[in-house]
Amino acid sequence: MSGNDDAKTAKIEVWWDMRDCPIPEGYDARRVRPSIERAFKKLGYTGRVSITAYGDQNQTPCHVLRGLSSTGVAVVQTISDSTRSVMYRDMVEWRGHNPPPATIVIISDQVEGEFSWDLARLQQRTRYHLFLAYSIKRCKDLFLLYKANWRWEKLLEEEEEGGTPAGGLSSAAVFYCKSCNFNCQSLKTFRKHLSSYKHGLEEAINSPDSRLSCVTKTWAKNYPATPEHATAKIHVLWDMNDCPIPEGYDACRVRPSIESAFKELGYTGPISITAFADQKQIPDHHLLALSSTGVVFAHTLFPFRPFEMPVLLTSAEWLWKSLLSGACFLFVLSCVTKTWARNYPATPEHATAEIHVWWDMKDCPIPEGYDARRVLPSIESAFKEIGYSGPVSITAFADQKETPDHHLLALSSTGVDFAHTLPWVLHSRMITDCEEWIEDNPAPATVMIISDELASPKSHSSLLCRKLQESNYNCFLAYSVRPFEKPVLVTSAEWLWDSLLAVSETKRQTLQKGCESESESDVEFTGMFYCDLCDSDCESLDDFKKHLSSKEHTHEDNIMNTHFQSFSHRHRQFKISNYYEEARYPPKTKRMRKAPRKGFLPRSLRFTRR
């Protein structure tokens with residue numbers, strides 16, 4: 001039996017947004033399931049159909065819920081703004097437990113945008129048969145490849161002659177409440193729950209996130225070749241306009257470098273390369289060198305450059321310069337403009353100015369086997385490549401308990417300061433430290449942040465914008481995964497962390513001996529250690545560790561941990577208090593009635609809808 005035949009007999013899962021595609025007035029809800037099943041039977045699909053309906057069920061009449069339940073349709077309660085995100089999250093979870101062959105049906109008007117983009121990437125990895133239905137208009141410019149799409153009203157018209165709706169419970173229908181993690185099989189119990197005080201409170205303070213979570217944003221791994229692709233043909237389409245041959249680079253090395261990168265991942269199939277460019281812009285010696293290694297050159301006047309993150313899901317991605325050097329580091333494509341993330345040459349006023357680096361070691365750790373003494377020289381080298389020669393200072397932020405002593409010793413020996421902090425305050429402490437440094441170090445100067453979190457557009461880094469706008473400061477960023485959206489900080493240079501640490505092969509061989517050639521006792525300490533919790537400085541690792549085991553530090557550490565653990569509880573209590581004020585539930589006792597209303601926290605009182 002072919003894969004297509006398998007899919008036609010496999011399960012069919014339907015995800016239905018009742019807000020976008022409601023049941024028409026006067027339509028018998030018991031006909032929804034039979035109509036959908038018949039539409040699939042006409043196309044030759046005979047698998048078992050499961051339907052989940054999402055929406056604010058407080059707005060859905062009881063006879064509709066009863067009709068859906070009687071035919072085995074699962075009903076989910078969620079607030080209207082969160083319907084799309086909850087539906088998509090459940091769909092992703094379902095895919096994780098139900099591999100193909102299977103069929104997915106999405107009934108919604110909101111499949112475009114992030115929904116379509118992320119689902120298209122998922123579809124490239126695990127291919128399901130996909131169907132769409134909509135109420136307003138057909139979605140345009142979708143990346144999704146689907147088997148068929150219907151108008152919702154047309155889909156509901158699918159019925160047998162006579163139009164008799166099916167009766168009886170065809171499967172165990174369930175009512176779900178996403179806010180409360182509650183489920184039941186009785187409509188009466190479900191309605192009672194939706195009108196309860198507990199549900200109203202939970203929906204007010206713990207409502208599902210309305211933002212759709214793109215699960216493929218962080219897919220940035222270079223995967224080993226699968227058996228079916230390991231020896232298959234590889235064809236490379238090369239845009240020489242975007243990725244030119246670097247000045248002084250031997251074009252004869254392009255093919256061997258690309259082949260070497262593939263072999264590192266287990267790809268050994270025959271490789272063909274076609275280079276696209278305007279012949280007038282390419283020196284003859286490059287054309288001759290490429291031709292001598294079997295690279296085909298195609299003359300064109302229209303270079304192809306992606307202006308947004310491609311929806312194409314890849315098994316491997318590289319930075320062009322890293323690919324040519326043989327040091328193949330990860331490159332995550334993002335929604336970027338032509339010039340965003342370009343590394344600009346230093347301006348005269350910043351070329352020799354001070355540079356201070358704030359480094360989040362949790363987001364951007366030292367790679368296993370990498371000599372930590374190379375961090376500062378690698379960063380300085382990257383700066384010098386674009387014309388910055390000013391003094392560089394680095395502060396590394398991490399939890400000392402999670403950082404090996406040999407890394408601390410190696411960093412200190414090169415003048416890198418280490419700041420001990422706790423994970424949940426790490427980013428805020430970095431920003432605070434950066435703001436204090438700016439106050440003490442007037443522009444022109446350069447600030448650099450190495451962090452995934454602080455490179456995010458929604459991070460605390462936006463607080464720095466005002467400071468940087470007030471004066472003539474320069475900004476650099478580095479991160480382990482390129483952010484999906486632009487950070488609010490405008491940068492003069494950005495790097496991927498692995499690329500920033502990259503060294504030549506000669507230096508690599510030297511580093512392999514690294515720490516083995518010198519004992520820890522021979523290391524000269526030049527970098528400071530300080531505790532960001534106690535504001536205490538130490539010049540040696542021994543003194544630093546002695547401080548971290550002291551009563552004073554332990555007391556401060558306990559205070560911070562207690563504060564963090566109680567924060568979520570206190571935040572929840574605050575929301576409960578606000579909800580009580582809005583709902584105006586009267587206290588039961590005289591003492592409670594006399595109590596100040598502000599901040600009052602009632603017992604869990606049941607209420608009925610009016």
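Helices and strands here are DSSP runs, numbered from the N terminus. I start there since the spans I show are described in those terms. Take residues 531-553: this span is 48% helix and 17% strand, and its end C-alpha atoms lie 9 Å apart. Residues 177-199 have 48% helix and 17% strand, with end C-alpha atoms 9 Å apart. The UniProt record, an unreviewed entry, places the feature "domain: C2H2-type" at residues 177-199 and 531-553. Please keep in mind that this is a predicted model.

Now the chain as a whole. The protein chain holds 22 helices and 19 strands. Of its 610 residues, 48% count as buried. Among contacts in the protein chain with a separation of 6 or more, 73% are between residues 24 or more positions apart.

Next, the sheets. An open sheet of eight strands has the order 6-5-4-1-2-3-7-8, with mixed pairing. Its edges are strand 6 and strand 8, each of which pairs on one side only. On average, neighbouring strands in this sheet are turned by 15° against each other, direction ignored.

At one edge, strand 6 runs parallel to strand 5 (residues 129-134), and four bridges join the two. Y134 has R151 of strand 6 as its bridge partner. What do the side chains do along strand 6 (residues 148-151)? They alternate: A148 and W150 point to one face and are buried, whereas N149 and R151 point to the other face and are not.

At the other edge, strand 7 and strand 8 run antiparallel and are joined by three bridges. C177 has F182 in strand 8 as its bridge partner. Helix 7 (residues 187-194) packs on this sheet, where it touches strand 3 (74-77), strand 7 and strand 8; the direction of helix 7 makes about 15° with that of strand 7.

The loop between strand 7 (175-177) and strand 8 (182-184) contains N181. Most residues other than glycine have a negative phi. N181 is not a glycine, yet its phi is positive, about 55°. Is N181 buried or exposed? Its relative accessibility is 72%, and exposed means over 50%, so N181 counts as exposed.

There is also a three-stranded open sheet, in the order 9-10-11, with parallel pairing. Strand 9 (234-239) and strand 11 (296-299) are the edge strands, each pairing on one side only. Neighbouring strands in this sheet are turned by 20° against each other on average, direction ignored. Strand 9 and strand 10 (residues 271-277) run parallel and share six bridges. Within that pair, H235 stands opposite S272 of strand 10. Helix 10 (residues 254-264) packs on the sheet and touches strand 9 and strand 10, its direction making about 130° with that of strand 10.

Helix 11 (residues 284-292) has a buried set made up of H286, L287, A289 and L290. Seen down the axis of helix 11, these buried residues fall within an arc of 165°, so they line one face of the helix. On the other side of helix 11, the exposed residues are D284, H285, L288, S291 and S292. The cover over the buried residues includes strand 9, helix 10 and strand 11. After helix 11 comes G294, with a positive phi near 85°.

On to the cores. The largest nonpolar core has 43 residues, and the members touching the most others are W359, F383, M448, I450 and W495. Helix 14 (residues 375-385) gives the most to this core, five residues. Which residues does W359 contact, leaving aside its neighbours within four places in sequence? They are C364, I366, V375, I394, T395, A396, F397, L411, M430, I450 and W497. A second, separate core has 35 residues, among them V14, M18, V32 and A39.

Last, the cis peptides. Most peptide bonds are trans. The bond joining P100 and P101 is cis, with omega about 5°. P101 sits in the loop between helix 4 (83-97) and strand 4 (103-107). A cis bond also joins A443 and P444, with omega about 5°. P444 is in the loop between helix 16 (426-440) and strand 15 (445-450).

That is what I have; I can go back to any of the sheets.

How values were computed:
Residues numbered from 1 in each chain as written. Predicted model: local features only at pLDDT ≥ 70, side-chain atom pairs only at ≥ 80, totals over all residues. Heavy atoms only, no water. Pairing = 2+ DSSP bridges. Axes fitted to C-alpha atoms, helices over the stretch in contact; angles between N-to-C directions. Contact = heavy atoms within 4.5 Å. Core = buried A, V, L, I, M, F, W, Y, C linked by side-chain atoms within 4.5 Å. Buried < 20%, exposed > 50% of the residue type's maximum accessible area, 1.4 Å probe, protein only. UniProt positions renumbered as here; feature names shortened; annotations may be inferred. Arc of directions from axis to C-beta.
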